[in-house]
Each structure stands twice: as structure tokens, then as C-alpha cells.
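Me: Could you take a close look at one part of this model for me, the place where the two chains meet? I'd like a connected walk through the strands and helices there.

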Amino acid sequence: MLQIVCIKQVPDTETRVKVAPDGRSLEPAGVTWILNPYDEFAVEGALQLKEKLGAGEVVVISLGAAGVATTLRSALAMGADRAIHLKTDAVALDSLAVARSLAAAIRPLSPGLIWLGKTAVDDDSASVGPMLATLLGLPCATAISKFELDGAVARVEREIEGGSERVELPTPCVVTTDKGLNQPRYASLKGIMAAKKKPIDEPIAEPGQPGLEVLALELPPPRAAGRIVGEGAGAVPELLRVLRDEAKVI
Amino acid sequence: MAILVFIEQREGRIRPIAHEALGAAVRLAGTLGGPVVGVCCAASDPGLAALGEAGADRVLLASHEAFANYDGAGFTAAIAAAVAAVSPALVLVPASALGKDLAPRIAALTNTGLAADCVALEAEGGRLVATRAVYAGKARLKVTFRATPAIASLRPKMFAPPPRATGKSAAVEPLAFTWDAAIPRARVTGHAAAAGGKLDVTEAEIVVSGGRGLKGPEHFALVEALADALGASVGASRAVVDAGWRPHGDQVGQTGKTVAPKLYVAVGISGAIQHLAGMSSSKCIVAINKDPDAPIFKVADYGIVGDLFEVVPALTTALRQTS
């Protein structure tokens, strides 16, 4: 079975966000780029399934400019077989434009499973997975924390408010992965060496017109300075007083 | 033009979050004009007429036995039928576990833009401007829509429910749509409730979170007791989730959940930037930490510097005595 994993290069979660001079995008200077943490669970999920089945191919795909290749290499180093770099220099592509690009590239490959992280920690839209599924006419389960393939049926679990939901979906299908699904492996030295020789195709992306127009990227208003109400357990009565009388939250 | 609001129900009950989306719709209808129309996918009417009191002019009911549970493909087809019937300027969906799955499907099917997980939505100079928290709240992205209908999912706890229009009733109308059995679909086969039956941290009015300062998973009992005394849900920092002390569903921060409760109490959490990102839009933040230089105190409204093993039990006891 062919499995596709859609991955994204994102700023490291420790990044301090600065706004670029255009007022609409992230200032890229000084940013360390990493594989989106939720996508690591997707790559790991596909690799584990391939190992279990003892057959098939895992293809990672990512959309973006030249720099994205390093993130594709890190997924190859984890064990993916080959990569597709959907090339575009377009910035401010929204989720729909990304999903359209991925759908156009993936459709001819007829994969059995498509994996994505549940959200990218930069844009936080959590939208590309279900959009891609809809464009491809495939069933989809989002934010899964358990996965099992039983013949042609995927059995998954996903968290909902106050509990979890068990879902069954026939393959081919799309799943997006949450933390807790698995423990992503580290690339071995051998894996890193092997990744250098694995092929990366470079087709041109076809994103079409985005549905959104970005007006501005802004830093959130700073919180008003707070105060230390006291030290140790002796400060408890004062804390309760301010929570009741000033903040009025209890 | 109309505003279409997805009314989320679970097990035949309208979820409270539906009122937040109606609140946003009622306010925007003041500027955009047009009726506020609800659309609900359910096995049977969960009492939709009562949404008149929450500002719905009418509600379309897409009923099908498969809608006893979430059916992504079926719900999307029903909402698309509602969009065709009402021609709304805007479709609002709560950014709940269900809504985060559904809203992108609607956008893909209608080929329009989705502003996901919005923290604000305004009509400015004849266009809709959505504000989204990005980089887990470290920045805000303002976007507008290139096509109609605009689709927005709304982050829980960011939009106030509408003023109650006592006695007003919404007309409930059946929605014609096609439930296509031939579509391959994901099917919900069962549910499990989380231990304790507490509200999810994203929905709770008060959240008490614990971090590495607790020194071990067994000491989370202190956090749970405080949460109990406050009627709060329990959250956790990434460090303690990664250490296996707490389930990942409890994690607050950039690789966990973003929360905006009325009161957030951080216990033994130093305040790594990725944690701050997930909770700094809380209305009131309290930090209890022994290190006066911990970054958490920079975002806290009120702090106590001290040993949490003394402060937290004292706080719990004081709350129990006064309540």
C-alpha cells in the first residue's frame, strides 16, 4: 500500500515572533525551522504501519520554497522512502490553496492512506486535512490518538470534549494525528546518510486562488503588568480577596 | 444577507457553544443586516425553537438517523444544502472538536475561504475582518474573505452569548438534502468519557494547571483538590505530559490546547514561551511558583512566590471554608 504523509516546515516552538516589514508575515531572520511537531506523529504512524504490513511505500510531500527540502530530508531520515517537493514561492497561501495543491499532486498516486499532523503550529488552522479529504472525496478522521488497520478498515480514536470517540473508516482515507498516537523515532545516523540519496521530485504546485486575504500580522496586546500579592501560604487570604473583589472571578 | 450558524448538538442536546456562535451572529447582523439562520444536523429536533431566545430567526433541521453521531460527509452535504437554500454572507461554526473537523469540509465543498479558530470577527468598512491567533497566540493574523460565503470557526470562550430574548421562538423548518449512502464515510462507533467527567480545559470557566514544580505525578492530587474547590478543570504543562504524568489531552500550550478561561491558575509552571502561548488570553492569571524570576510572573495578574506544597493546600482549605 502506498502511504502519503503531508508535512510542513514551521518555526521552532521556542521562536519569538517578530513581524516582517510588510506587516503581514513573520520576520524569517533568525528563525530555526523544524518539522511540524504534529507531523512527526504522522510520519511515525505511516512508518509503523509499513513495518507492520511488511510492504508498501511511504512518500512524504511538502509545499513551499527551496528551504522546505531540509524538512523533507529529515522525514526521509526517519525512514520515508521518497519525497515530493511541491514547489512554490507564493506566500500567504491559505489552507484551501494548500489543500488544492496537495489534492492535485496526490490524486494520480491513488494512495491507500494519507496522513497529516492535526494542525501546523505556525498557522494553527487545523484545516488542510479535512479539506484535502473533501477535495479527494475520501473519508477522514481528525486528531486521532489511536490507529489500527484491520484489512481495509481503519479503526481510530479521537479526543472530543469530555472524552473520546471511536471511529471506523474504510481505506483509502485521510487521518490527522494528535499527540499520544505514538512516540516518533529519532533519525539514526544510518537513516540520515541514506536520506541524502533518496529521491525528491520537484513538481510545480497548483494552488489556485486563496480564499483568504491576509491584512495584517500583529503582536497581541501586552498584558497589563501583574503583581506579586505576597510570599508563601500567608499570602492566600490576600489572593482570595483580590480574586473576589478586584478580578471578580471567584 | 443572512448569517448561517451551525448549531452543534450531542446526544440530542444543544451544546452551550452554539450560543457563542449565535452571539457573534446577532452582533454582526446588526451591521450586515439579514436574518440569523441556524442549521442543525440531528437524528431528531433537540429543541431548536428555543434558540429564538438566543437570537435565531429560524432554524433548519437536517434530520437523519445517521446524525445521532457526527457524520462528517453527511453533515457537510446538509450544510451545503443549507448554504444553497439561504445564500448566506457568512457561515459560523464553533471551533470545537466537531467544528474543527466540519468547517474545513464546508469550505472545501463551497470553494471559499475559511478563517479557522477566530478570536474576533468584525464588519469593518463593508467587509468582514477575522482575527486569528497564530503561533499559538504569540501573534494575531487579520484576514478578510475573497469569496461568499465567508466561513469562520470561532474559538470557544471568545464570543459572548447573545442577550436573551425571553419568550421569542425560532421557526424550525425541515431542510431538504441528500444523504448519499454510496459515499465512503467515517462512522462513529462508540464513545468513552474521560475519567472524572470534568469539562475539557478548552471549555472550562476555570483551569488549574500543574507543572514540573510538583516533582512527581502523585502530587497532582494537590492540583486536583484545588481544582475541585474552584470547580475547575485540570491542565498540565508540556514537561509533565512528556514525562507521562498526565494524559496529552490535558496539555496547555503550543503543542497542546489553547485555553481562554475566566481564571487560569498555574501551579509550579515556570512559563516556557510555548506554554504562555497557550494560556495568555485567559482573563485572569494566577501563578504560584517558588522562583520569583519565573517567566510565568510576567503574564500573571496575581502571583504568590512560595513553596506550592504549602501554598496550594492553604488555598484549597481557605476556598473550602468560605464556600
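**Where the chains meet**

Reply: Let's start with one pair of residues: Glu213(A) has Thr144(B), in β9(B), as its bridge partner. Keep in mind that this is a predicted model. That pair belongs to a strand pairing across the chains, in which β12 of chain A (residues 212-218) and β9 of chain B (residues 139-145) run antiparallel and are joined by six bridges.

A strand of chain B also turns up in a sheet with strands of chain A. This one is an open sheet of 10 strands with mixed pairing, and if you walk across, the order is β11(A)-β5(A)-β4(A)-β1(A)-β6(A)-β10(A)-β7(A)-β8(A)-β9(A)-β12(B). The edges are β11 of chain A (200-201) and β12 of chain B (187-193), each of which pairs on one side only. At the β11(A) end, the neighbour is β5 of chain A (residues 82-87), which runs parallel to β11(A) and is joined to that strand by two bridges. There, Ile200(A) of β11(A) stands opposite Ala83(A).

Two helices of chain A pack on this sheet. Helix α1 (residues 37-53) touches β1, β4, β6, β7 and β10 of chain A, and its direction makes about 150 degrees with that of β6(A). Helix α4 (residues 128-136) touches β6, β7 and β10 of chain A, with its direction at about 65 degrees to that of β7(A).

Back to the meeting of the chains, this time with helices. Helix α6 of chain A (residues 236-245) packs with helix α8 of chain B (residues 308-322), their axes 10 Å apart and at an angle of about 55 degrees. An angle like that falls outside the ranges for roughly parallel, antiparallel or perpendicular, so α6(A) and α8(B) count as oblique to each other. The crossing of α6(A) past α8(B) is right-handed. On the α6(A) side the contact is made by Val236(A), Pro237(A), Leu239(A) and Leu240(A), and α8(B) brings Val311(B), Ala314(B), Leu315(B) and Ala318(B). Sort those by type and you get eight nonpolar residues, no polar and no charged.

Now zoom out to the whole contact between the chains: 76 residues of chain B touch 68 residues of chain A. On the chain B side, helix α3 (residues 97-110) gives the most, with eight residues. That side as a whole is a mix, with 41 nonpolar, 18 polar and 17 charged residues.

Conventions: Residues numbered from 1 in each chain as written. Chains lettered and ligands numbered in written order. Predicted model: local features only at pLDDT ≥ 70, side-chain atom pairs only at ≥ 80, totals over all residues. Axes fitted to C-alpha atoms, helices over the stretch in contact; angles between N-to-C directions. Helix = DSSP H or I, 4+ residues; strand = E, 2+ residues; numbered from the N terminus. Parallel < 35°, antiparallel > 145°, perpendicular 65-115°, else oblique. Left-handed = near helix turned anticlockwise from the far one by under 90°. Contact = placed C-beta atoms within 7 Å. Nonpolar A, V, L, I, M, F, W, Y, C, P; charged D, E, K, R; others polar. Pairing = 2+ DSSP bridges.
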